[in-house]
Structure formats: structure tokens, C-alpha cells
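Q: Please take a close look at the open and enclosed spaces in this model. I would like to know what lines them, and then to see one residue in its surroundings.

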Amino acid sequence: MKNSRRGTQLKLVLELTNSQLVLFKPSWYSRDEIMNGSVYSGKDRHNSEIVSFHLAAILNLRYTPIVAGRRISLRDSLKYADAELQQTMPVVNNLQCVYGVCHFCKSDEIVCDDQQNGTLEGAVLFTIPGKIIKYRSPWQRTYKEQLKAEWEKNDNYCALISKKLNFDVLLDLIDAAIFDFLIQNGDRHHYETRENRVLLLDNGKGFGNPFVDHIDILAPLYQCCYIRRTTWERLLIFSGGALSETLEELNKLDSLYPLLNKNHYVAIERRLLYIYSTVELCREKFGNKTLK
């Protein structure tokens, strides 16, 4: 077991049988915790990574890593940790803990084995094979409250971006925006491609607040007014509560079920209606040119 320096938050690299390497994102919050503040507030939610994998499967967006919930014992894993990681694994109140090394890792922000069962729950992410290329998102936020990005100020922003991007990549980014809106992940500052297809990686900032909908996550959709016909037809299949019902059935298969509380399922259905409305407004303006 070792520390992963990829990204800004604590992730552990575990080696399974047959030398299979996976990432482990630990649990920081209870299922009922609500993230207030900006859309990117808080640490990654491990349950968001798991639920996002299930949601992507339902929507036929097959470009997410395989993710499953698991529990590990930090105390039992200590002997397998490399020297660097062991330096960040203190014992607190007789519990084995870890804080790791990363951009936002701090020695006073730790996760520990649970006092009752002696394990730490988290999400195990299988790495996607092949060459992955990283790009800055055209809809990246400034992460400064008083400073707006160009896409937040320019109503014709998509016209500029569409001249620079391959059209299939643009459609992929619109698919990603729809996906991110459903889970409320407003932190996709970069995107990765494999074989020229956009991957849906790093979905841990979803499901922070079920009572808030950040509409601007949908900016690629309502600014460009394009959507893949297959994506639109897939969304229509899961109307009338079918999306949240199907998602919960898949969530039941995970060892960490329940993954979400009921408020989040209600929020998913509400956000789906926003997506329907946005597409219909685009179709009123541009007709079937919206569907690609």
C-alpha cells in the first residue's frame, strides 16, 4: 500500500492479487452530511464515486472507471504500507489513522478505522488502461468568488469553443455536463480522453447537497443547444421516477449500501426535469438541429 500523489486529495494505492493496482478513496462524511457553500465545497465523497459508476452504466456512458465500495483495516494494512505512507499513519485514541501526502493533505485532517468494526470504508477505483490525455475544460471555473470565467459572461461562448473542439468531443462534454448536473459535480476543471473519447473520471464531488441545484453545471448544454440523440432517448427511457428507482437497485448490489439517502434520489428526479426542460427550450429555438 502506498500514497498516490495524483490529484489534490488523499488516495491510497492498493495492490490486489495478480499485481492489480487500484485507487482507494476513503470515507470522510456520513451519508446525511450536507455540503454548504460553493458547488465544489468539501472533500471527495467516496459514495459519489460508486453511485456515479452505476449512473453512468444506466445512461450508457461507458467511460467511467469500475468502482466498488469496500472496507479495509488500516491497522492490518500498516505492515504493507511503504515508508513514506507509514510516516503519515498515526494512532489516535487507539485507532489507526492516515492523512497521506497530497496538495490538500494535512496532519490534523485524518481518517481512521471505525471504532466499532475496526475498518475504514471507501471506494475502490480500477484504473482505465491505455494512454490518457488531459485537457483543461473550456467550462472551467475560476475558483475565485469575485472573478467570473469567460463562459459565465459570454452568451455566445459555445460559438467560440465549437471552432476549437472536435464536434464529437464537444458532444462528449455535453454528455459529461448532463451527468455532472444529475450528481451536482461542479468541479470538472479538466477532462481526460482515451482514444479521443472523454472519460468521466474524478466524480467524488457529487451528492454534496440534495436541496440545491447549480444550474450553471448545465452550461455546455444550454449554451450549445446540442445533445446526442442516443443520450436524449436514453434520458427519456428513465422518466417518471425510473432513473432513481433503477439507480437504487444497482446501489443495493454494493457492499456499502445504502449509498445515498432519500433526499438525493428526489434531487436526481428534479434535476432530470431541468434537463428535459432545457432540451425542449433548445428544440423550440433550433428544432431537431439540437439532436445530433
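A: The pockets come first, then the cavities, then a single residue. The model is a predicted one.

The largest pocket holds about 730 Å³ of space. Its lining is made up of 26 residues, and those nearest the centre are Gly7, Thr8, Gln9, Asp187 and His189. By class, 13 residues of this lining are charged, 9 are polar and 4 are nonpolar.

The second largest pocket has about 300 Å³. Here 18 residues form the lining, with Tyr222, Gln223, Cys224, Cys225 and Phe286 nearest the centre. Two or more lining residues come from each of helix H5 (157-161), helix H7 (219-224) and helix H10 (262-286). H10 gives the largest share of the lining of this second largest pocket, 5 residues. In this pocket the division is 10 nonpolar, 5 polar and 3 charged residues.

Turning to the enclosed spaces, there are 5 cavities of 30 Å³ or more. The largest cavity contains about 230 Å³ of space. Around the largest cavity lie 19 lining residues, of which Ser137, Trp139, Asp180, Arg188 and Ile217 are nearest its centre. H6 and H7 each contribute at least two residues to this lining, and the largest share, 4 residues, belongs to H6. The lining of the largest cavity counts 10 nonpolar, 4 polar and 5 charged residues.

For the second largest cavity the volume is about 100 Å³. It is lined by 15 residues, and Tyr29, Ser30, Arg45, Asn47 and Phe207 are the closest to its centre. Of the lining of the second largest cavity, 6 residues are nonpolar, 5 polar and 4 charged.

The single residue is Gln184, which sits in the loop between helix H6 (167-183) and strand S10 (190-194). Gln184 counts as buried because its relative accessibility is 5%, and the cut-off for buried is under 20%. A polar atom of the Gln184 side chain lies 2.7 Å from the backbone nitrogen of His214. Apart from neighbours within four places in sequence, the residues in contact with Gln184 are Val39, Lys205, Gly206, Val212, Asp213, His214, Ile217 and Arg271. His214 therefore appears both in that polar pair and among the contacts of Gln184, where a contact means heavy atoms within 4.5 Å. Ile217, another contact of Gln184, is also one of the residues nearest the centre of the largest cavity.

Definitions and conventions:
Residues are numbered from 1 along each chain as its sequence is written. This is a predicted model: local features need pLDDT of at least 70, side-chain atom pairs count only at pLDDT 80 or more; totals for chains, interfaces and linings use all residues. Side-chain values use heavy atoms; hydrogens and water are left out. Buried means under 20% relative accessible area, exposed over 50%, partly exposed in between (1.4 Å probe, protein chains only). A polar contact is a pair of N or O atoms within 3.5 Å; within protein, one must be able to donate a hydrogen and the other to accept it, and residues adjacent in sequence count only if both atoms are side-chain atoms. On a 1 Å grid over the protein atoms alone, a cavity is a set of points where a 1.4 Å probe fits but cannot get out, and a pocket is an open set with protein on both sides within 12 Å along at least five of seven lines; lining residues have an atom within 4 Å of a point. Grid points are joined across faces, edges and corners, and a volume is the space filled by probe spheres set on the points. Ala, Val, Leu, Ile, Met, Phe, Trp, Tyr, Cys and Pro count as nonpolar, Asp, Glu, Lys and Arg as charged, and the others, Gly among them, as polar.
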